[in-house]
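Visitor: I'm new here, and I'd like a close look at a single part. Could you walk me through it?

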Amino acid sequence: MTMIRIKRNKPQISADTKSFREIRRIHLNRTFMPIKIGAIVGYIILGMLSASTSMFGILIGAFFRVAGF
């Protein structure tokens with residue numbers, strides 16, 4: 001039978017503390033890295049996305065009109 005040694009002054013395990021393996025996995029997987037951009041740049045990107053979506057819809061509508069639908 002082996003004896004298990006209890007370490008003194010061991011810190012308590014908190015419920016909100018992440019495990020080391022989970023933190024390491026987040027650091028290794030780059031898809032979890034947040035992109036830090038300013039608010040103005042975010043609004044510009046959102047506007048560009050909205051404009052390109054609108055232009056695509058107008059283009060599809062024009063093609064349907066030419067095709068006779």
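In which helix is the place of Phe56?

Guide: Happy to help! This is a predicted model, where local features need pLDDT of at least 70, side-chain atom pairs count only at pLDDT 80 or more, and totals for chains, interfaces and linings use all residues. Residues are numbered from 1 along each chain as its sequence is written, and side-chain values use heavy atoms, leaving out hydrogens and water.

Phe56 sits in helix H2; helices here are DSSP runs of H or I with at least four residues, numbered from the N terminus. H2 covers residues 39-67, and its 29 residues reach 42 Å from first C-alpha to last, close to the 42 Å expected at 1.5 Å a residue (that is, 1.5 Å times one less than the number of residues). After H2 comes Gly68, with a positive phi near 95°.

Is Phe56 buried or exposed? Phe56 counts as exposed because its relative accessibility is 54%, and exposed means over 50%, buried under 20%, partly exposed in between (1.4 Å probe, protein chains only). Across the chain's 69 residues, 0% count as buried.

Notes: Helix = DSSP H or I, 4+ residues; strand = E, 2+ residues; numbered from the N terminus.
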